[in-house]
Structures are given as structure tokens and as C-alpha cells.
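Let's take a walk through this protein together, one stop at a time. Keep the picture open while you read.

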Amino acid sequence: MEKWDLYDNQRQITGKTHIRGEKMQPGELHLVVHVCIFNAENQLLIQKRQKDKESWPGYWDLSAAGSALKGETSQQAAERELQEELGIKLDLSNERAKFSFHFDYGFDDYWFITTNIELNDLKLQQEEVADARFVTKTELENLSITGEMIPYFFLDKLFDLKNATSSHF
């Protein structure tokens with residue numbers, strides 16, 4: 001049974017928890033993390049979701065993603081998801097989320113990490129991840145156009161966001 005901390009609109013933990021799979025009530029918010037791993041060649045690591053996943057089955061997704069568990073920070077959740085889904089152990093203590101997007105039931109934190117990882121070193125979580133590969137900006141755009149990639153609203157800007165600083169906004 002997976003439990004999540006619930007947050008208020010100001011992203012403060014309320015002390016209440018939610019059990020994954022139960023219907024969230026209005027005003028209940030939880031934390032979700034997404035990790036985008038780029039290599040030195042400016043390629044993005046993406047993963048293909050298993051065909052039996054509840055949401056977006058068989059679609060390509062960002063490097064790793066998932067809900068923060070009870071007691072986890074965004075950083076801890078990002079590190080855990082990388083370890084669980086891809087077998088990657090990264091210390092993100094000197095990093096911070098690139099941006100956070102508010103959705104109806106919570107907060108999506110997006111982590112952008114540049115590191116060199118070899119596909120052969122990945123240990124895919126068979127229950128969730130069917131495949132993984134690196135893509136260029138053009139290849140990502142093509143996956144989006146063909147409907148094979150989860151349609152994140154910012155996909156066409158993803159590579160630009162990687163290099164963006166606050167002075168760009």
C-alpha cells in the first residue's frame with residue numbers, strides 16, 4: 001500500500017496522507033517528480049512504459065517519474081524513482097528541481113540532470129519499464145508528432161528549458 005503526504009495550496013504538508021488508487025478529494029494535493037537525464041551529447045534519456053501500465057501504457061516517457069512517498073522530499077523521490085525504474089543511483093543533493101508545475105491534484109517537480117550514463121548500465125524495472133533509449137531534440141519532436149510520447153505541454157521546449165536560467169524568463 002503506497003501512501004503519499006498531502007499538501008495545501010502553499011505546498012505545506014498537512015499531516016494527512018493519501019493511499020494510492022483511492023480517489024483524491026478536492027483540495028488534496030500531492031507531490032510528483034519527473035527526471036530528465038541528458039548526456040554530454042545533449043541527448044535525453046527516455047523510457048517506454050509497459051503495455052499494462054494504468055496510465056499512458058506503451059508510451060515513451062521522460063527518464064523517470066513517480067509520486068513522492070510519505071516522508072519523502074522531492075529530491076529523495078527523484079533519487080528513488082531513478083533507482084527503481086532504471087537502476088541508476090544518483091546523488092541529487094547538490095541539485096534542485098528546474099521547475100514545478102501545479103496541476104489539479106498536486107505539484108509536478110521537474111529535475112534536469114546532465115550526466116553520462118550508458119544504456120548497458122541500466123537495470124530496467126520490468127513491471128514498469130519496457131525499454132529505454134537516448135533521443136535528440138528532433139527525435140523527441142518526431143515521437144511527439146507520431147503520438148508515441150506522453151504529450152507533456154512543454155515537449156517542444158524541453159531542450160531549451162534545460163539551458164534556461166531565470167534571466168530567460
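**A guided tour**

Our starting point is leucine 6, which has a relative accessible area of 3%, so it is buried. Keep in mind that you're looking at a predicted model. Leucine 6 belongs to strand β1, which covers residues 3-7. So who are its neighbours? Leaving aside residues up to four places away in sequence, leucine 6 touches Gln12, Ile13, Thr14, Gly15, Lys16, Thr17, His18, Met24, Glu28 and Leu29. If you'd like a feel for distances, try leucine 155: it comes 149 residues away from leucine 6 along the chain, and the two C-alpha atoms are 28 Å apart.

Next, let's look at two loops. Asparagine 42 is found in the loop between β3 (30-38) and β4 (44-49). Its phi angle is positive, about 60°, even though asparagine 42 is not a glycine. Is this residue buried or exposed? Something in between: asparagine 42 has 32% relative accessibility, so it counts as partly exposed. Tryptophan 56 sits in the loop between β4 and β5 (60-61). Here, too, phi is positive, at about 55°, and tryptophan 56 isn't a glycine either. With 37% relative accessibility, tryptophan 56 counts as partly exposed.

Now follow the chain to a pair of strands. Strand β7 (residues 99-103) and strand β8 (residues 106-114) run antiparallel and are joined by 5 bridges. Together, β7 and β8 make a hairpin, with 2 residues between them. One of the bridge partnerships matches phenylalanine 103 with glycine 106 in β8.

While you're at strand β8, find aspartate 109, which lies in it. You might wonder whether a charged residue like this is buried or exposed, and the answer is that aspartate 109 counts as buried, because its relative accessibility is 4%. Not counting residues up to four places away in sequence, its contacts include Arg11, His34, Ser74 and Phe99.

Phe99 brings us to the aromatic rings. Searching the whole structure turns up 12 aromatic pairs. In one of them, the ring centres of phenylalanine 99 and phenylalanine 112 are 6.1 Å apart and the planes meet at 50°, so this pair is tilted. Phenylalanine 99 is in strand β7 and phenylalanine 112 is in strand β8, so the pair ties together parts that are 13 residues apart in sequence. Phenylalanine 112 counts as buried because its relative accessibility is 11%.

Phenylalanine 99 also pairs with phenylalanine 154, this time edge-to-face, with 5.5 Å from centre to centre and 90° between the planes. That pair links distant parts of the chain: phenylalanine 99 is in strand β7, while phenylalanine 154 is in the loop between α2 (137-145) and α3 (158-163), 55 residues apart. Both phenylalanine 99 and phenylalanine 154 are buried.

Zoom out a little, and these rings turn out to be part of one aromatic cluster, made up of Phe38, Phe99, Phe101, Tyr110, Phe112, Tyr152, Phe153, Phe154 and Phe159.

Our last stop is where charges meet rings. The charged end of lysine 162 sits over the ring of phenylalanine 38, 5.3 Å from the ring centre. Arginine 133 does something similar with tryptophan 60: its charged end sits over that ring, 5.1 Å from the centre.

Notes:
Residues are numbered from 1 along each chain as its sequence is written. This is a predicted model: local features need pLDDT of at least 70, side-chain atom pairs count only at pLDDT 80 or more; totals for chains, interfaces and linings use all residues. Side-chain values use heavy atoms; hydrogens and water are left out. Helices (H or I, at least four residues) and strands (E, at least two) are DSSP runs, numbered from the N terminus. Buried means under 20% relative accessible area, exposed over 50%, partly exposed in between (1.4 Å probe, protein chains only). Contact means heavy atoms within 4.5 Å. Two strands pair if DSSP finds at least two bridges between them. Rings of Phe, Tyr and Trp (its six-membered ring) pair if their centres lie within 6.5 Å; planes under 30 degrees apart count as stacked, over 60 as edge-to-face and the rest as tilted. A charge sits over a ring if NZ of Lys or CZ of Arg is within 6 Å of the ring centre and within 35 degrees of the ring normal.
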